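Hi everyone, thanks for making time. I'd like to walk you through a structure that may be new to you, so let's put it on the screen.

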Amino acid sequence: MAQSATGRSIPIISPAEGVTEEMIRLLVETFYDRVIRDPELGPLFHNALSGRWSKHLALMVDFWSSIALRTGRYQGKPQAAHMGMSLTPELFSRWLALFEQTAGEIFEPDVAAFFVDRAGRIADSLQIGLGIGPKALRLP
């Protein structure tokens, strides 16, 4: 269980209470609008997704729908999609800070906490898989 700012727990496995597809779409569109304008993240996303923004946004709605509502619509491979992008722990930190700010501005505290918790777990997982960051495995 993840504890929200109000002390209410949102189960990790079952669908997030009070979250709708419309909320997910709002989060994705608002967040990525900010990402593309961000001086640190924008150039990275422009390079990786040039001409494919609409497709990426739809994919991210499916991704978050699968996370929050257990719809199973997302069938991508996030680790593979992020390989070779020269990502750093600092860029992940910037992404997470912008995500947290966005979620906090558009959602009630319980819902924002749910999304921020999941985003942090996803960022950790991606960094581990990419071999970067403090939790990455350092095998001989």
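I'll start with the whole chain and then turn to one pair of helices.

First thing to know: this is a predicted model. The chain has 140 residues, and 39% of them are buried. As for secondary structure, we've got 6 helices and 2 strands. If you follow the sequence along, the order reads β-β-α-α-α-α-α-α, so to speak.

Now, how do the contacts spread over the sequence? Take the ones between residues at least 6 apart: 70% of these join residues at least 24 apart. And the surface? The accessible area of the chain is about 8000 Å², with 58% of that belonging to carbon and sulfur atoms.

Okay, on to the helix pair. When two helices pack, people describe them by the angle between their axes and the distance between those axes. Here, please look at helix 1, residues 21-37, and helix 5, residues 89-106. Their axes come within 10 Å and cross at roughly 135°. Because of that angle, helix 1 counts as oblique to helix 5. The crossing of these two helices is right-handed.

So who's touching whom? On helix 1, the contact uses L26, L27, T30, F31, Y32, R34 and V35. On helix 5, the partners are W95, L98, F99, Q101, T102, A103, E105 and I106. And what kinds of residues make up this contact between helix 1 and helix 5? We get 10 nonpolar, 3 polar and 2 charged.

That's my tour, thanks for listening.

Methods. Residues numbered from 1 in each chain as written. Predicted model: local features only at pLDDT ≥ 70, side-chain atom pairs only at ≥ 80, totals over all residues. Heavy atoms only, no water. Axes fitted to C-alpha atoms, helices over the stretch in contact; angles between N-to-C directions. Helix = DSSP H or I, 4+ residues; strand = E, 2+ residues; numbered from the N terminus. Parallel < 35°, antiparallel > 145°, perpendicular 65-115°, else oblique. Left-handed = near helix turned anticlockwise from the far one by under 90°. Contact = heavy atoms within 4.5 Å. Nonpolar A, V, L, I, M, F, W, Y, C, P; charged D, E, K, R; others polar. Buried < 20%, exposed > 50% of the residue type's maximum accessible area, 1.4 Å probe, protein only. Areas by Shrake-Rupley, 256 points an atom, 1.4 Å probe, with all protein chains shown as cover.
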